[in-house]
Every structure is written in C-alpha cells, then in structure tokens.
Amino acid sequence: MKKSEYIEKISKELNITKKEVELVTDAFIIELIETLKKKDLVTITNFGTFRKSIIRNYEFFSPVDGKKLSKDIVKVTFSVSRELSKKLLGE
C-alpha cells in the first residue's frame, strides 16, 4: 500500500480529514527519523523495533569513471514484536 492509500483509509475509519491524517503521519515519520539519527534503536510497544547500524567504509566500483569508492552506509532493520507476530499469524 502507498502512503496516500493509508491516509485515505485512516481518514474514513476515524472520520477526520485526509489533511489531518497526513499531518500526523508526516510528524510521526519525521520524529522516527530524528530519533534514529540520535539513537540506534526505536521501539514501538506491541509493534516492533527499528534498529540503525552503520556499515563503515563500504567499498564499491563506480561504473561512471571506473574508480573504487568507499562510503559509510546506514542500514535500518525492523524486528517484529511478539504481539504483532501473533496477530500476523492469526493467533
């Protein structure tokens, strides 16, 4: 599902405007990103944990000029909570 589809569905379910849902959704995403910048993990109770890790000096080949480049890469993983796992399995 796309973000716009979630916004429309939540708007109908809660009987509030799409603009209000979009503002809350955007604020949540911004706060999640800001927290991940400061900390290595963000836990949302009964949902799961987002974990940030930085892979240092990742080397790759540039097809443009044929040089080897190195760069730090940020990786974010998600671990599902037990409660959400049970719901997804239909338990």
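Analyst: Two strands pair if DSSP finds at least two bridges between them. Keep that in mind for this model, which is predicted.

User: What makes β1 and β2 a pair?

Analyst: Count the bridges. Strand β1 (residues 41–44) and strand β2 (residues 48–61) share 4 bridges, in the antiparallel sense. The cut-off is at least two, so β1 and β2 count as paired. One cross-strand position to look at is L41, which stands opposite R51 in β2.

User: How do you know that β2 and β3 pair?

Analyst: The test is the one for bridges. β2 and β3 run antiparallel and are joined by 12 bridges. At least two are needed, so β2 and β3 pass. Strand β3 covers residues 68–80. Within this pairing, K52 has V76 in β3 as its bridge partner. The two strands form a hairpin with 6 residues between them. In that turn, G66 has a positive phi of about 80°.

User: Where does V76 lie, and which residues does it touch?

Analyst: V76 lies in strand β3. Neighbours up to four places away in sequence are not counted; beyond them, V76 touches L36, F50 and R51. Its C-alpha atom is separated by 8.7 Å from that of I54, 22 residues apart along the chain.

User: Why is V76 called partly exposed?

Analyst: V76 has 44% relative accessibility. Buried needs under 20% and exposed needs over 50%, so 44% falls in between and V76 is partly exposed.

User: Why is S11 called buried?

Analyst: S11 has a relative accessible area of 9%. The limit for buried is under 20%, so S11 qualifies. S11 is found in helix α1. Its contacts, leaving aside neighbours within four places in sequence, are I16, T17, K18 and V21.

User: L14 is found in helix α1 as well. What makes L14 count as exposed?

Analyst: Helix α1 spans residues 3–14. L14 has 52% relative accessibility. Exposed means over 50%, so L14 meets the cut-off.

User: Which residues make the nonpolar surface patch?

Analyst: M1, Y6, I10, L14 and I16 make a patch of about 490 Å². Patch residues need over 30% relative accessible area. L14, at 52%, clears that cut-off.

User: What is notable about the phi of N15?

Analyst: N15 has a positive phi of about 60°, although it is not a glycine. Most residues other than glycine have a negative phi. N15 sits in the loop between α1 and α2 (18–38).

User: Why is N15 called exposed?

Analyst: Its relative accessible area is 71%. The cut-off is over 50%, so N15 is exposed.

User: Where is N46, and what is its phi?

Analyst: N46 belongs to the hairpin of β1 and β2, which has 3 residues between the strands. Its place is in the loop between β1 and β2. Phi of N46 is near 65°, a positive value in a residue other than glycine.

User: Why is N46 called partly exposed?

Analyst: N46 has a relative accessible area of 45%. That is neither under 20% nor over 50%, so N46 is partly exposed.

User: F47 lies in the loop between β1 and β2 too. Why is F47 called partly exposed?

Analyst: F47 has 36% relative accessibility. This value is in between the cut-offs of 20% and 50%, so F47 is partly exposed. Leaving aside neighbours within four places in sequence, F47 is in contact with F78, S79, V80, S81 and L84. The C-alpha atoms of F47 and K75 are separated by 19 Å, with their places 28 residues apart along the chain.

User: Now the whole chain. What are the elements, and in what order do they run?

Analyst: The protein has 3 helices and 3 strands. From the N terminus on, they run α-α-β-β-β-α.

User: How do you know that the protein is more spread out than a compact globule?

Analyst: Set the radius of gyration against the globule rule. The protein has 19 Å; the rule gives 12 Å for 91 residues. The value is well over the rule, so the protein is more spread out than a compact globule. Along its principal axes, the C-alpha trace spans about 55 × 30 × 25 Å.

User: How much of the protein counts as buried, and how much area is exposed?

Analyst: Of the 91 residues, 14% count as buried. The protein exposes about 7900 Å², with 57% of it supplied by carbon and sulfur atoms.

Terms used. Residues numbered from 1 in each chain as written. Predicted model: local features only at pLDDT ≥ 70, side-chain atom pairs only at ≥ 80, totals over all residues. Heavy atoms only, no water. Patch = residues over 30% accessible without salt bridge, like charges linked within 9 Å, V, L, I, M, F, W, Y side chains within 5 Å. Areas by Shrake-Rupley, 256 points an atom, 1.4 Å probe, with all protein chains shown as cover. Salt bridge = Lys/Arg side-chain N within 4 Å of Asp/Glu carboxyl O. Buried < 20%, exposed > 50% of the residue type's maximum accessible area, 1.4 Å probe, protein only. Contact = heavy atoms within 4.5 Å. Rg over C-alpha atoms; globule rule 2.2 N^0.38 Å.
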